Each structure stands twice: as structure tokens, then as C-alpha cells.
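Hello,

Here is the structure I promised to pass on to you. Please have a look at it first, and then read my notes below.

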Amino acid sequence: MTTEEKQMFKTIIEEEIEKLSDEVQSIQKALYPEKGKGPSDKVAHLNFKLDQSIHIQRYEEATKRLNRLKHAYLKIDSPQYGICQECEEPIPMERLRLMPESMYCVACMEELGL
Ligand SMILES: [Zn+2]
């Protein structure tokens with residue numbers, strides 16, 4: 001991978017981290033409404049509970065991905081970035097562009113059941 005390509009992935013990761021951090025914050029707001037802004041009656045409360053479980057799921061997914069992105073960001077200057085941790089082949093650029101936090105190629109990820 002060239003320095004330019006690394007720089008490009010750095011920018012992609014920075015943008016993704018920013019987007020996800022915003023998402024995590026807005027989910028947190030939805031999960032913990034301010035006083036007086038919570039559900040007002042029984043039906044609203046039920047809907048609120050339903051929404052909560054969706055928010056919690058989204059929150060967990062977003063924070064997990066955020067951690068993977070931060071990890072990738074720290075590793076981007078090392079020669080290991082963009083190399084599959086299993087077969088040690090370069091991960092295709094197209095895949096990295098969509099998922100810059102990838103640590104495995106598609107074949108290995110499927111084999112490892114990730
Ligand atoms: Zn692989």
C-alpha cells in the first residue's frame with residue numbers, strides 16, 4: 001500500500017469515526033431522554049420500551065464498530081494494515097474502502113466464522 005493510499009484510508013476512517021460518534025451520541029439521547037420528555041402514558045411507555053431495545057442494539061453495533069475503527073486507525077501506519085491477519089495476503093482495496101477496519105479478507109472471515 002502506498003503512502004497516498006494510507007492517507008486516503010486514514011481520512012475514510014476519520015470520517016467514519018466522526019459519523020459513528022455522532023450516531024452513538026444521538027442514540028444515547030434517545031435512550032436517556034431528559035426529565036419531562038420521557039413517555040407520558042402507558043402506550044407511549046410501551047412504545048418507548050420497544051424503541052429502547054432497538055436503540056440498545058444499534059448502540060452496541062455502533063460502539064463495536066467504533067472500537068474496530070479506532071483500532072484500525074492506530075494500526076494504519078504499521079505495515080500490517082490492509083494485510084489479512086490470517087492468510088497474510090493483501091485485503092482488496094474495494095473491501096477496505098467499504099470497511100476500512102477489516103483485518104481479514106472475505107475468504108478468511110468466512111472460514112473463521114466472523
Ligand atoms: Zn485471508
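A word on terms before we start: a helix here is a DSSP run of H or I that is at least four residues long, and helices are numbered from the N terminus. Please also keep in mind that this is a predicted model.

Let me begin with the overall picture. The chain has four helices and zero strands, so that, by the way helices and strands are assigned, its pattern along the sequence reads α-α-α-α. Along its principal axes, the C-alpha trace spans about 60 × 30 × 20 Å. A compact globule of 114 residues would have a radius of gyration near 13 Å, whereas this chain has 19 Å. Of its 114 residues, 12% count as buried. Among contacts with a separation of 6 or more, 61% are between residues 24 or more positions apart.

Now to helix α1, which covers residues 3-31. How far apart should its ends be? At 1.5 Å a residue, its 29 residues should span 42 Å, and the end C-alpha atoms are 41 Å apart, which agrees. The buried residues of α1 are F9, I13 and I27. What covers them includes α2 and α3, the latter being residues 93-98.

Two of those names come back in the largest nonpolar core, which has seven residues: F9, I13, L69, A72, I91, L96 and C105. Helices α1 and α2 each supply at least two residues of this core. One core member to click on is A72. Leaving aside neighbours within four places in sequence, A72 is in contact with I13, P100 and E101.

Finally, take a look at K75, which lies in helix α2, residues 42-75. Is K75 buried, exposed or in between? A residue needs 20 or more other C-beta atoms within 10 Å to be buried, and 12 or fewer to be exposed. K75 has 14 within 10 Å, and is therefore partly exposed. Not counting residues up to four places away in sequence, K75 touches Q80 and Y81. E101, already met as a contact of A72, can be compared with K75 too: the two are 26 residues apart in sequence and 9.7 Å apart in space, C-alpha to C-alpha.

If you want a route through the model, you could start at I13 in α1, step across to A72, and then go on to K75 in α2.

Enjoy exploring, and write back with any questions.

Best wishes

Note on methods: Residues numbered from 1 in each chain as written. Predicted model: local features only at pLDDT ≥ 70, side-chain atom pairs only at ≥ 80, totals over all residues. Contact = placed C-beta atoms within 7 Å. Expected span 1.5 Å × (residues − 1). Core = buried A, V, L, I, M, F, W, Y, C linked by C-beta atoms within 7 Å. Rg over C-alpha atoms; globule rule 2.2 N^0.38 Å.
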